[in-house]
Amino acid sequence: MKRSVRKPPKPTPADFLREGNASFRAGRYFLAAQAFEKARKLEPRNAAILFNLASTKERTGDIAEAAALMTQAARFKPSWPEPAGNLAMLAGAFRLESGKNLDPHGLLA
């Protein structure tokens, strides 16, 4: 008699968000970024995923990418003030090499 082997369920964006948040809280920013990138591949327009990924990029020193991700988060959820606030903090605290990756629609959100 054959037994069917069930495959484990595919991870969801929420699974990757939980994993990334746990890594972020533990100070494991590169692992957090990997988890958030996986979530982003599944839901590229999710503002929470973009915001969390931007936060990890900031912590790892990739300020230009953090700013670009924050503008995207602001664009996809303009009613959420945190991405715009963090973007303003990044712009005030760091010299951005180039604004070419910033989403002008996010800046206007």
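## S55 in helix α3

S55 sits in helix α3, which spans residues 47-59. In this predicted model, S55 has a relative accessibility of 12%, so the residue counts as buried, the cut-off being under 20%. If you set aside residues up to four places away in sequence, S55 touches F24 and M70. F24 falls within the range of helix α1 (13-25), and M70 within that of α4 (63-76).

## The nonpolar core

M70, one of the two partners of S55, turns up again in the largest nonpolar core of the protein. This core has 20 residues, and the members that touch the most other members are F36, L53, L69, M70, A73 and L90. Helices α1, α2, α3, α4 and α5 (81-93) each give two or more residues to the core.

L53 is a handy residue to follow on screen. Leaving aside neighbours within four places in sequence, L53 is in contact with A33, F36, E37, R40 and L69. Two of these partners, F36 and L69, are themselves among the core residues that touch the most other members. The list of partners also includes E37 and R40. Helix α2 covers residues 29-42, a range that takes in A33, F36, E37 and R40.

## T60, between two helices

Moving on along the chain, T60 is found in the loop between α3 and α4. Is T60 buried or exposed? Neither label fits: with a relative accessible area of 28%, T60 is partly exposed, because that value lies between the 20% limit for buried and the 50% limit for exposed.

Beyond residues up to four places away in sequence, T60 touches Y29 and F30. The C-alpha atoms of T60 and F30 are separated by 7.3 Å, although the two residues are 30 apart along the chain. T60 has a partner on its own stretch of chain too: its side chain reaches the backbone oxygen of K57 at 3.1 Å.

## T71 and E19

Another threonine, T71, lies in helix α4. T71 has 0% relative accessibility and therefore counts as buried. What does the side chain of T71 have for a polar neighbour? A polar atom of that side chain lies 2.7 Å from the backbone oxygen of A68.

E19 belongs to helix α1. E19 is partly exposed, with a relative accessible area of 40%. Its C-alpha atom is 8.7 Å from that of L31, a residue twelve positions away along the chain.

## The whole protein

Stepping back, how many helices and strands does the protein have? There are six helices and zero strands, which gives the pattern α-α-α-α-α-α along the sequence. Of the 109 residues, 32% are buried. The accessible surface comes to about 7,300 Å², and carbon and sulfur atoms account for 54% of it. Among contacts with a separation of 6 or more, 51% are between residues 24 or more positions apart.

## How confident is the prediction?

The mean pLDDT of the protein is 87, and 84% of its residues reach 70 or more. Where is confidence lowest, and where is it highest? Helix α6 (residues 104-108) is at the low end with a mean of 51, while helix α2 (residues 29-42) is at the high end with 98.

Note on methods:
Residues are numbered from 1 along each chain as its sequence is written. This is a predicted model: local features need pLDDT of at least 70, side-chain atom pairs count only at pLDDT 80 or more; totals for chains, interfaces and linings use all residues. Side-chain values use heavy atoms; hydrogens and water are left out. Helices (H or I, at least four residues) and strands (E, at least two) are DSSP runs, numbered from the N terminus. Buried means under 20% relative accessible area, exposed over 50%, partly exposed in between (1.4 Å probe, protein chains only). Contact means heavy atoms within 4.5 Å. Accessible areas come from the Shrake-Rupley method with a 1.4 Å probe; for residues, only the protein chains shown count as cover. pLDDT is the predictor's confidence in each residue, from 0 to 100. A nonpolar core is a set of buried Ala, Val, Leu, Ile, Met, Phe, Trp, Tyr and Cys residues joined through side-chain atoms within 4.5 Å. A polar contact is a pair of N or O atoms within 3.5 Å; within protein, one must be able to donate a hydrogen and the other to accept it, and residues adjacent in sequence count only if both atoms are side-chain atoms.
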